[in-house]
Every structure is written in structure tokens, then in C-alpha cells.
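Here is a short briefing on one protein chain. Look at the sequence and the fold before reading on.

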Amino acid sequence: MERTLMESKAPLDVIAASLRRHRARTGLSLTEVAKRAGIAKSTLSQLESGTANPSVETLWALAVALDTPFSALVEPPRPKVQIIRAGEGPVIYSDQAEYGATLVASCPPNARRDIYRIVASPGPGRKSEPHMPGVVEHVVLSSGRALVGPVEDPVELSPGDYIAYPGDQPHVFQALVDGTSAVLVSEHV
């Protein structure tokens, strides 16, 4: 009897998101990927929607068809730390007002974001345990100074600085001066 990934506790939502992401990366249609993997188009559609339970053999065939490692289909991506300092990044200016917008991070497809305003005082800092797999936190420091990011390697931020880091690893927000505030966006993929 063939064991399916659900029986071994591989999360179907991670697999579905990985299949969609890697298929989009290749630019291949559902039909083409299914054909290359030797599976039905309807099966691939169900896998991408998280409503089917794939076998290891099916995922291996899809990994080959998508030219991606098998592990990339069953584990959530591990984002890297990204920092944009105040005054960095591409700015788009308005013709009608003194206004400039800098895109520091775009929302991936099928993601959910929660936005928080943070106000903190100096002290030991807020240490957070890992959140669900695949969570990424984005912080823009509004005022003050703070150490933010992975517990083992936080980064000192000044007003206007941006950092993104894996929220599914231990992380910290530690104000270094009074009047420290920030905007935190928690992204759930």
C-alpha cells in the first residue's frame, strides 16, 4: 500500500504553495507541467489548491518536471534577512505633491499580512518564539533606535530603516532609546 504525504504529516498547504510558486517561476502552464510529470491536469490542479494528497512518487515527478529539488516542494521557503536603510531603495515621486513612495516589499501571491504599530521602551526587548512555518516579519523603524531581527544576529535600526527576517525562527525587538516606534508587518504565506 502506497503511503501518502498526509500520513507522514507533510502539510498540504505548504506543498500547494510550493507547487504554485515553482510553476510560476518556470512560466509553464498546468497542462505542460502535468504532461511532463506524467499526471492528470486535474490532479495537479487539486494539488495546487491543497485539496489532494500527493504520493512521494507524484511529488518526485513534479520536482523533475519543475526542475526543482524535492525538498523545495515539501518545506516552506526560508527567507533571508533583508535590510533597506532610510534613503535607500527606488523612490517614485508624485507630480502633484511633495510625496515619494518607496516600495520596500511586495506581497507574494496567496499571502496574508497583519500590520502592527510598535511602541517600545529601552529594556531587555521582546523576544518572540518562532511563529508558524513560512512567516516573514517586516519592520520599518519610525522613531528611536532598536535591535531587530533573528535573536542570534539582530540588526541596529535607525528611523526609516527596513528589515525583513524569518518569523519562524526566534527573533527580537529591543528598543535602545525612549520614544522608539515601528511598523511591523507579519506575512503568512
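How many bridges join strand β7 to β8, and in which direction do the two strands run? There are 3 bridges, and the strands run antiparallel. The model is predicted. The points below cover the sheet, a group of helices and two positive phi angles.

**Sheet**
- Strand β7 covers residues 146-150. Within its pairing with β8, A146 stands opposite L157.
- Both strands belong to an open sheet of 4 strands. The order is β5-β10-β7-β8, with antiparallel pairing.
- The edges are β5 (126-128) and β8 (155-157). Each of these edge strands pairs on one side only.
- Neighbouring strands in this sheet are turned by 15 degrees against each other on average, with direction ignored.

**Helix α2 and its surroundings**
- Helix α2 spans residues 30-37. Its buried residues are V33, A34 and A37.
- Why do these buried residues line one face of the helix? Seen down the axis of α2, they fall within an arc of 100 degrees, so they share one face.
- The general background is helix geometry: an α-helix has 3.6 residues a turn, so residues three or four places apart point the same way.
- The buried residues of α2 pack against three helices: α1 (12-26), α3 (41-49) and α4.
- G38 follows α2. The phi of G38 is positive, near 75 degrees.

**Helix pair α1 and α4**
- The axes of α1 and α4 come within 10 Å. They cross at roughly 25 degrees.
- That angle makes α1 roughly parallel to α4, because angles under 35 degrees count as roughly parallel.
- The crossing of α1 past α4 is left-handed.
- Which residues meet between the two helices? On the α1 side they are I15, L19, H22, R23, R25 and T26. On the α4 side they are L59, L62 and L66.

**Loop residue D67**
- D67 lies in the loop between α4 (56-66) and α5 (70-74).
- The phi of D67 is near 55 degrees, a positive value in a residue other than glycine.
- For background, most residues other than glycine have a negative phi.
- Is D67 buried or exposed? D67 is exposed, with a relative accessible area of 68%.

Conventions: Residues numbered from 1 in each chain as written. Predicted model: local features only at pLDDT ≥ 70, side-chain atom pairs only at ≥ 80, totals over all residues. Heavy atoms only, no water. Pairing = 2+ DSSP bridges. Axes fitted to C-alpha atoms, helices over the stretch in contact; angles between N-to-C directions. Buried < 20%, exposed > 50% of the residue type's maximum accessible area, 1.4 Å probe, protein only. Arc of directions from axis to C-beta. Contact = heavy atoms within 4.5 Å. Parallel < 35°, antiparallel > 145°, perpendicular 65-115°, else oblique. Left-handed = near helix turned anticlockwise from the far one by under 90°.
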